[in-house]
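Biologist: Please take one part of this model for a close look, namely its pocket lining, and walk me through it.

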Amino acid sequence: DYDDPLPTQKPTNGVSGGYLLGAGRADCTGPVAEIPLMGYANPDQVGGGLLTRLYSRAFIVAEPNSSKRVVFVSIDIGMVSQRLRLEVLKKLKSKYGELYRQDNVILSGTHTHSGPGGYFQYTLFWFTSKGLIKPSLDAIVKGIVKSIDIAHQNLKRGRLFINRGTVENSQINRSPYSYLQNPAYEKSRYSSNTDKEMVILKMVDENGHDLGLISWFAVHPVSMNNTNRLVNSDNVGYASLLFEQEKNKGMLTGEGSFVAAFASSNLGDVSPNTKGPFCVNTGESCDNPQSTCPVGGAAMCMAMGPGTDMFDSTRIIGQNIYSKAKELYANASQEITGPLSSAHQWVNMSDVQVELNATHTVKTCKPALGYSFAAGTIDGVGAFNFTQGSVEGDPFWDQIRDQLLGQPSNETKACHEPKPVLFSTGEMTWPHPWHPDIVDVQIATIGSLAIVAVPGEFTTMSGRRLREAVKSEFDSHGTAGMDVVIAGLCNVYTHYITTYEEYQVQRYEAASTIYGPHTLSAYLQLYRGLARAIATNTVQDLPSGPEPPFFNITNFTLVPAVTSDRTPVNKTFGDVLQEVRQHYRVGEVAKVTFVSANPRNSAENMTEHNFLTVETYVNGSGEWQVVRNDASWDTRFYWTKGSLGRSNATIEWHIPNDTEPGTYRIRYFGHSKKTGTTLMPINPFEGVSSTFEITSL
């Protein structure tokens, strides 16, 4: 009976003790080959295999005796796009009616830069991800909805606990020169130029059994750099896998009921590449306002992670984040109780009047990107040697831009000062608008926890100002002591949000603050309004704002269609081309290459597909037991396209030190496509390596 409060709790605020809690995880990987990866804005960085699967992780908190609910979903993707959110909400409405809506569902991207792109409706994003790619969009929509379905089905009586702690050695500020522009009195209140605090939410059922964890921590998932071609969830995704494996003992990666999300926060200027920026050609530091090198300019300035390579750096940073979360989870004792609430508005961000004080009003601008946007960052440099910190344009590039895309209006140029406008995206509408005008602002509260869902990447100081504004708004309306967390990359992508002071020096993050110098002030005003409405119980009076457009594009892409797969002469799909060795020691890499077919066949025709298994021979039963799948951190699936429809798949298993000695084999599963036939156009096949022995060191 859901109406009995838990014996250990007294009812608070009219809500009988405890909540209904549900957690769910679902695969949202999509096509792992030939689709540009979303994050570094490099169209040449195209998927070519799989390191770890991408998941949508959903958490539902419900009041036991009312229909009030809050849904938080963290998804292993670069960011949530407006198109993605609109499609998910449409599906939820047809399934659940008014239960899950735009105000109480938060969709947040982890910001991995190694997931497939192509799920955007605004034109700018088509350039780097080669259009709107339906299989990519559909896989994410399906995964998100399925994770919410599972959480919904799993709802049970439970309790929530919050904890917070400091994570060391896992981040640096990648634009310290920008941060220094903030007022001295403000900087003096903080010991660091990044937010080192992790906030975790622990979910248990009424018997104290573990259900799930959400962690919010500010760090860019860019330990995997822009040379990577394997789809993966980067450092925060690795932390999720570690936590889930710890709690789902004996299960394969991606299986088991415990769900651990490591969600994004105000990570705008925060890099995991803790060694800092160095000139890759000379080895000297390039930690200067322009991030440039004496020889080779900005293109040579790159930040390095703590590991021996990008895989190792991902592992180290992920392990750090996981270890702190594990400790905070184990010791979480502050219980969260109280009612649920949520508030949401759509806002035309290109035209917000902001009252700075009683006498001074400013406004936001139509979206535009500055010169330093093209420079990229020390985590992934741009093209053509643009530099960060450009406060002047360049006649050469201006002229090319004017010819190809049209000139920015004087109004836009003036509004964005001191940003030199490179792309006036708010004035570019062919074939559809290049950037959103209509943006979501949203806050959900669970008792004393306020989750502020932001549509982009707030810098460290921007995030601090936002948390403070929301907290003080709650305080002044009688709801003191709220824990405020920022959930990043939610609902629609609008690039970066810097402070007004950081904006003046126009490094990458400022050049990518698309609504102009007063963007942050506008958001502070808007989120204060949401907090006030929740605190004073007047959410129903908030105007919902102008609805975002839904462009009628289903599939518009430069990614070539999948052609017929072919095999070499006298070979069939799944045949071994290069065999494993007969013996390996732990710590070595077992490797096998198969005749393969395009992995897109599998993604586009199967909802969930596993490309590989590692299996061990169980002596007693004479059966093979699966010990690894393609979601496992220590397996890698590489796909190499040849000519005339031929291709190879290479599977690596980086044998962990704790592997049991014994007999093993690697299996590969694929789908081949035959065009020109309607009978069996897609055929499953498999391949298997020879057996090999593993011995300990």
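Modeller: Helices (H or I, at least four residues) and strands (E, at least two) are DSSP runs, numbered from the N terminus. The model is predicted, so local features need pLDDT of at least 70 and side-chain atom pairs pLDDT 80 or more, while totals for chains, interfaces and linings use all residues. Residues are numbered from 1 along each chain as its sequence is written, and side-chain values use heavy atoms, without hydrogens and water.

The largest pocket (an open set of points on a 1 Å grid where a 1.4 Å probe fits, with protein on both sides within 12 Å along at least five of seven lines) has a volume, the space filled by probe spheres set on the points, of about 1200 Å³. Its lining, meaning residues with an atom within 4 Å of a point, numbers 41 residues, and Ala41, Thr128, Phe373, Ala374 and Phe423 are the closest to the pocket's centre. At least two lining residues come from each of helix 2 (124-129), strand 22 (376-377), strand 23 (380-381), helix 8 (395-405) and strand 24 (421-423), and helix 8, with five residues, gives the largest share. By residue type, the lining of the largest pocket comprises 25 nonpolar, 12 polar and four charged residues, where Ala, Val, Leu, Ile, Met, Phe, Trp, Tyr, Cys and Pro count as nonpolar, Asp, Glu, Lys and Arg as charged, and the others, Gly among them, as polar.
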